[in-house]
Amino acid sequence: MNLVNKRVLIIGTGISGIAAADLLSEEGAKVILYDANAELEEAKIRERLKPETVCEILLGELADTYYNQNELLVLSTGVPTDLPMVESFKDE
């Protein structure tokens, strides 16, 4: 699959989310790394990414505009597949 310039939303900033962001960025995707936990610090998350990883980091509530802009959704391990947010992506 050619991922160059594909918009990819990764849900979860744990180990697998960070690894996915690193890999997808390396493949040329436009990565958005998202976590619903608004108490997380963006700087701490960036420290865990490879220095060359390019991604937007969003924390807290996800704006509606992000629901239909993405071509691929990646769920980190541990993110329930029955969350209303995840269900809304299934309908797209």
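Two strands are said to pair if DSSP finds at least two bridges between them. The exercises below apply this to a predicted model.

**Exercise 1. Determine in what sense β2 and β3 pair, and over how many bridges.**

Solution. Strand β2 covers residues 30–35, and β3 covers residues 55–59. The two strands are joined by five bridges, while at least two are required for pairing. The sense of the pairing is parallel. One of the residue pairs involved is I32 with its bridge partner E56 in β3.

**Exercise 2. Establish the order of the strands in the open sheet, and explain why one side of β3 and of β4 is left without a neighbour.**

Solution. The sheet is made of four strands, arranged as β3-β2-β1-β4 with parallel pairing. The edge positions belong to β3 and to β4 (72–75); each has a single partner strand, and therefore one side of each lacks a neighbour in the sheet. On average, neighbouring strands are turned by 20° against each other, direction ignored. Helix α1, residues 15–26, packs on this sheet and touches β1 (7–11), β2 and β4. The direction of α1 makes about 170° with that of β2.

**Exercise 3. Check whether the span of α1 agrees or disagrees with the expected value, and find which residues of the helix are buried.**

Solution. The expected span is 1.5 Å times one less than the number of residues. For the twelve residues of α1 this gives 16 Å; the end C-alpha atoms are 17 Å apart, so the two values agree. The buried residues are G17, I18, A20, A21, D22, L24 and S25. They pack against β1, β2, α2 (42–48) and β4. Just after the helix, G28 takes a positive phi of about 95°.

**Exercise 4. Classify L72 as buried, partly exposed or exposed, and state which residues it touches.**

Solution. L72 lies in strand β4. Its relative accessibility is 27%, so L72 counts as partly exposed, since that class lies between the limits of 20% and 50%. Leaving aside residues up to four places away in sequence, L72 touches L3, R7, V8 and L9. The C-alpha atoms of L72 and L3 are separated by 9.5 Å, although the two residues are 69 residues apart along the chain.

**Exercise 5. Decide whether N70 is buried or exposed, and find what its side chain reaches.**

Solution. N70 belongs to the loop between β3 and β4. Its relative accessible area is 17%, so N70 is buried; the cut-off is under 20%. The side chain of N70 reaches the backbone oxygen of Y66 at 2.6 Å. Beyond four places in sequence, N70 touches R7, V8, L9, I32 and F89.

Conventions
Residues numbered from 1 in each chain as written. Predicted model: local features only at pLDDT ≥ 70, side-chain atom pairs only at ≥ 80, totals over all residues. Heavy atoms only, no water. Axes fitted to C-alpha atoms, helices over the stretch in contact; angles between N-to-C directions. Contact = heavy atoms within 4.5 Å. Buried < 20%, exposed > 50% of the residue type's maximum accessible area, 1.4 Å probe, protein only. Polar contact = N/O pair within 3.5 Å; in protein donor to acceptor, adjacent residues only side chain to side chain.
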